[in-house]
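Got the viewer open? Let's walk through this model one selection at a time, starting with a helix and what sits around it.

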Amino acid sequence: MPGLVVFGRRWAIGSDDFVLPGAFELSLRVLWWIGILVLYAVHKGQFNCPGGGLLHSYLLVLLVLLAAIICALSALVYVSMQGTISNPGPRKSLPKLLYTRLLLYLPEFIWAIVGAVWVSDSSVHCEKTVINAILGTVIASWVIIIFTIIGVLIVFDPLGGKKTFYLTDGVNRNLESSQSGQLLFNVKNTATRVWEKRIRLMCCCIVQDDDHRVAFTSIAELFRNYFSDTDLVPSDIAAGLILLHQEQDKMESCPKEPEEVLCHSPSSLVTDGLDFELENAAHYMLFAAAAYGWPYYVYTNPFTALCKLNGDCCGSRPTDSDITGSDRHNFHFGSILKITGLQYRDFIHISFHNKIYEIPFFVALDHKKEAIVVAVRGTLSFEDILTDLSADCEDLTLEDVLENGFVHKGITQAANYIYQKLINDGILNQAFTIAPEYKLVIVGHSLGGGTASILAIMLRNSFPTLKCYAFSPPGGLLSKTLADYTKHFIVSVILGKDLVARLSMPNMEDLKRRIVRIVANCNRPKYQILLRGCWYEVFGGDPDNFPTELDGRNQDALTQPLLAEESLMVHRSPSYNALDGESHLHSPPQYPHLYLPGKIIHIVEECSSKRLCSSDIKYTASWSNETVFSSILISPKMITDHMPDVVLNALNSLSQEHGSCISCQTRELNTNVV
């Protein structure tokens, strides 16, 4: 960091990123050189076979070439180890060494061709061992050359030329001038087009229409805005996440004030209705998980699912009018039946139709709870990912409810699609005709949880008694006024350090700021951070106490950015300014703060393991508030805590524990009475 500038352009790699790959190649080259030297020493004076003269010359030149490459690699690795992430000064000679190393690829390429010609020459009749050794050398040369080309393509930055010009000269330019303004406009347009091409390439397997093209442009602008104001390479981000994780673990292990404790005990917050809501949540999470269909059922039953589904694929099913979308071999519907335990006749409508802003859902009768359940599926396709990433804000104005409520654009459009289906197609009318005394419950997990929440807001006027359970919904969903309004009928369930529940553009900007700050001020080389971090993530241990330039500074000084930190910020985005309290009236934040819906149940492990795998996990649950989720927490479990099966297991564990406690209390009461 900053990105390495060679051949007149910036690349997505830092000058301190050559330590580990360089050391790996160096070890291979040394072993290779030793092997060739032994081969030459053993057969010295025995190159009198047909083609032996060329072999003798080939081995001698190869030994010299490998020695030169080993020297260049040694110097490259040594220089790359110097300095720190934000202090590339000791590595200023690295570009020259890199040019030297790349120049050595030319004779290596030529010699690989010579070796290939010699091996393929039918007139050569030397020892089989020698021929195999040369063949191995040729193959190794071509493999290294191919991997080098792939590596160059990976670290190639399409904006490198423009970004280098902007980074070096942009600070001193007067952006009010038309020339500089036009330059910045062109850079932004180019960046947007690059991100749009990347997104199109990732989604090349889906049919693209006007909605997709609009989404591609919107998402491309989002990524361009987020990544354009920092000079970070991927390894810098990895090092920053490692440092943040260890710093976070150190803070959690220190004694804290009661209001600062992340994991509250049930008695520390109001527990009114908590046990009742946990029981309902455990029940309705089955419906939210079932909405994923056969992928979830196979994932949770890997050895028996296919056999069970194959046995039911030819069974009876509702009429075709009850199901929309493709369900080949009846696997989706069969899985829903297995997971929920319902009968065919209990389903009013099932939709497997999936496009951008149009996600699958089903409507079923839950006789156990006397409810009509609308279950919305979470993210499971590229179309769903595009819906997730359409993170612009739009107004949600509902008659007699609220005005100027901001919501997540993509999820709101998905909710509106389901709303139109439920109301205009008469699906809910049909359900209430069958069971008029039942209540309406809307559930969903992840994207489905966010969609279910906004759908509940839309249906609230028509169905005042409805209830919504949103499991692990996205954090950037509703404005503060809407979030407060939904506390009367929506319950969000969040497990542990779930990443998605903390995802919002302000939180992502805050994470970027924290990464820049901790990386810029760490006094250790990047390779030490990465090696120690990998060991810590896999094997555990105590968090490393990396010294930083922040140590020893007073509290007032900590509010001011250091020079190293400022050098990594190209320009501050509107959201970044808003986080620092420096936003101006003429530059409002593009992404205002959005929050989780409804009342929030936060489930945490009593003895949280730092590793991915742990046995005999016990959970506690408590009512929480949106401020607990105002920052992204770095942890190996930030992804696994979001998975629907993990959430369901946690809810079942709490529900069973609550049931056993009630049984114990009942027995104690009966004993006392006797």
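Which helices do the buried residues of α20 pack against? They pack against α1 (19–42) and α9 (234–253). Before you click around, a word on the ground rules: this is a predicted model, where local features need pLDDT of at least 70, side-chain atom pairs count only at pLDDT 80 or more, and totals for chains, interfaces and linings use all residues. Residues are numbered from 1 along each chain as its sequence is written, and side-chain values use heavy atoms, with hydrogens and water left out.

**Stop 1: helix α20**

Select residues 526–539, which make up helix α20. Helices here are DSSP runs of H or I with at least four residues, strands are runs of E with at least two, and both are numbered from the N terminus. Colour K526, Y527, I529, L530, G533 and Y536, which are buried in α20. Buried means under 20% relative accessible area, exposed means over 50%, and partly exposed is in between (1.4 Å probe, protein chains only). Packing is judged by contact, meaning heavy atoms within 4.5 Å.

Now try the distance tool on the helix ends. The 14 residues of α20 should span 20 Å at 1.5 Å a residue, and the end C-alpha atoms are 20 Å apart, so the two agree. The expected span is 1.5 Å times one less than the number of residues. Step just past the helix and you land on G540, whose phi is positive, near 80°.

**Stop 2: the hairpin by the N terminus**

Go to residues 3–6 (strand β1) and 9–14 (strand β2); they run antiparallel, joined by three bridges. Two strands count as paired if DSSP finds at least two bridges between them. Pick V6 and look for its bridge partner in β2: that is R9. The two strands form a hairpin with two residues between them, and F7 in the turn has a positive phi of about 55°.

**Stop 3: the spans from the record**

UniProt, in an unreviewed entry, lists residues 20–42, 54–78, 98–119 and 131–156 as "transmembrane region". Those positions use the numbering used here, feature names are shortened, and the annotations may be inferred rather than shown by experiment. Select residues 98–119: the span is 95% helix and 0% strand, with its end C-alpha atoms 31 Å apart. Then take residues 131–156, which are 96% helix and 0% strand, with 38 Å between the end C-alpha atoms.

**Stop 4: salt bridges**

How many salt bridges does the structure hold? There are 19, each one a side-chain nitrogen of Lys or Arg within 4 Å of a carboxyl oxygen of Asp or Glu.

Start with E277 and K467, whose side chains meet at 3.2 Å, N to O. This pair links distant parts of the chain, with E277 in helix α10 (residues 274–290) and K467 in strand β10 (residues 467–471), 190 residues apart. E277 is buried, at a relative accessible area of 6%.

Next, show K480 and E626: their closest N and O atoms are 2.1 Å apart. K480 lies in helix α18 (residues 480–485) and E626 in the loop between β13 (619–624) and α24 (637–640), so this salt bridge ties together parts 146 residues apart in sequence. K480 is partly exposed at 35%, while E626 is buried at 13%.

Keep E626 selected and add K487, since their side chains also meet in a salt bridge (3.6 Å, N to O). K487 sits in the loop between α18 and β11 (490–495), so the pair ties together parts 139 residues apart in sequence. To finish this stop, select D16, D17, R91, D236 and K526, which salt bridges with shared partners join into one network.

**Stop 5: two buried residues**

Find H642 in the loop between α24 and α25 (644–673). H642 is buried, at 11% relative accessibility. Leaving out residues up to four places away in sequence, H642 touches H445, S446, S472, D498, V500 and V647.

Then jump to A305, in helix α12 (residues 305–312). Is A305 buried or exposed? At 0% relative accessibility, A305 counts as buried. Beyond its neighbours within four places in sequence, A305 is in contact with Y297 and V298.

**Zooming out**

Show the whole protein again: it has 25 helices and 13 strands. Of its 674 residues, 48% are buried.
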